[in-house]
Amino acid sequence: MEYMLYSTSTFVSVIQQVAIFTLFTSYEERHSLREIYLEFAMPQSLDTNRRVVLAERPNGLPNENTLRVEEGDIPQPGPGELLLRTVYLSLDPYMRGRMDDAKSYAEPVKIGEVMTGQVVAEVVSSNLNAFEPGDYVLSGSGWQDYALSNGKEVMNLGKEPQNPSWSLGIMGMPGYTAYAGLLKIGEPQPGETVVVAAASGPVGATVGQIAKIKNCKVIGIAGGADKCAHVVNNLGFDACIDHKADDFAEQLKAACPDGIDVYFENVGGKVLYTILPLLNAFARVPVCGVVSWYNLTGLPEGSDFGPAIMGTILRMKVKVQGFIIFDSFPKSTYKEFVQDMTQWLAKGEVQYKEQVVEGLENAPAALNDLLVGKSFGKVVVKVG
Ligand SMILES: NC(=O)c1ccc[n+]([C@@H]2O[C@H](COP(=O)([O-])OP(=O)(O)OC[C@H]3O[C@@H](n4cnc5c(N)ncnc54)[C@H](OP(=O)(O)O)[C@@H]3O)[C@@H](O)[C@H]2O)c1
């Protein structure tokens, strides 16, 4: 299929492009670029497919050259294939890792390939018995309006599902990550102190609420007063500490007078180093992610914290276990998750906050927001 190539600045005039390349160099300025996108962006259409592809590998935070929008024909499904129209695209921190050509648990996105991502899509036409036009599905179609699928690893959500976007969040990968990581690795016991950072995000918010259901004392860590207020007032955590506060370490110590039994690791960096001296003997640390380091271009300057980290693990007999949600737990764990989470949501014991970004063209800027903490809640892109 022929795709017309659009740099991320093709939506603007030549004069504006020159302005962008000379002026839009910093992160803040790229937000102005997003406003220009909005003005010139085309919505999802019935005869064109927009695809966001990896144009070049970023060095640090992705910039305006990292992703490129291409336009082409909508593909036609062959025998045994489905045509899917993207409705919601999930934005997740792991997407930053897929932009690097580095060894990881998943293959990197190749240059020129559609950016990877889970979507909720509507079946437009189907040559497979298990799917009908109008069905909603969960699929790995990536950042594009339309995609073909052979139906493998596609979950049928039925027609008009309630809250379809929740399959990308609380009832999907992030919710399951929180559930399995906390309960199977963290093993929280009633009365213990559980600490989780990125506490207002989809994983952290769910970790803390499940820990409350398990009768733990739960301390969240989040960036800024608004997020902390949400974590305490709406999610029911016992306290939430702002990691940007000058006296963050003192506040965290005061909030954990009995030390920390479970630290659910989402962010790494300064937060991790502040947690280490507070870990109790036999603490458990599910190592889920280290988002504060995802845009590093080299090792951080300054002290080597390796000895402090390993020394703490040794002296305090801490159980540290990394996990990747796709292959670290048996299938039965997923069934338990769906059963429990469905009940908790129905009873109002778990609250869920979503941030819906309008339009595929706004996905690149929204991913950067997510990586640096400017998003609030689970981010999904309403594509069509
Ligand atoms: N292992 C797995 O299978 C698996 C599966 C899913 C997710 N994960 C990981 O789980 C973690 C949370 O994912 P999510 O989808 O729930 O993310 P998220 O909360 O939507 O977004 C990341 C959050 O991290 C925080 N953050 C960013 N830079 C930070 C820094 N320098 N210091 C402290 N906090 C910082 C920000 O929140 P604040 O503004 O509140 O600081 C930001 O909003 C990520 O590390 C992700 O990669 C792992």
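Let me begin with helix H5, which has 12 residues and reaches 17 Å from its first C-alpha to its last, close to the 16 Å expected at 1.5 Å a residue, where the expected span is 1.5 Å times one less than the number of residues. Helices here are DSSP runs of H or I with at least four residues, strands are runs of E with at least two, and both are numbered from the N terminus.

I should say early that this is a predicted model, in which local features need pLDDT of at least 70 and side-chain atom pairs count only at pLDDT 80 or more, while totals for chains, interfaces and linings use all residues. Residues are numbered from 1 along each chain as its sequence is written.

Staying with H5, 10 of its 12 residues are buried, so the helix is largely enclosed by the rest of the structure; buried means that 20 or more other C-beta atoms, placed from the backbone, lie within 10 Å of the residue's own. Among these buried residues are Pro-202, Val-203 and Gly-204.

H5 also brings us to the ligand, since H4 (173-186), H5 (202-213), H8 (269-275) and H11 (363-372) are the elements that give two or more residues to the shell around the ligand. Of the 32 residues in that surrounding, Gly-201, Gly-223, Gly-289, Ser-292 and Gly-373 come nearest, a residue being near if its C-beta atom, placed from the backbone, lies within 6 Å. Domain 1 (3-168 + 356-382) and domain 2 (173-322) both give residues to this shell, so the ligand lies between them, with domain bounds taken from an automatic or database domain assignment.
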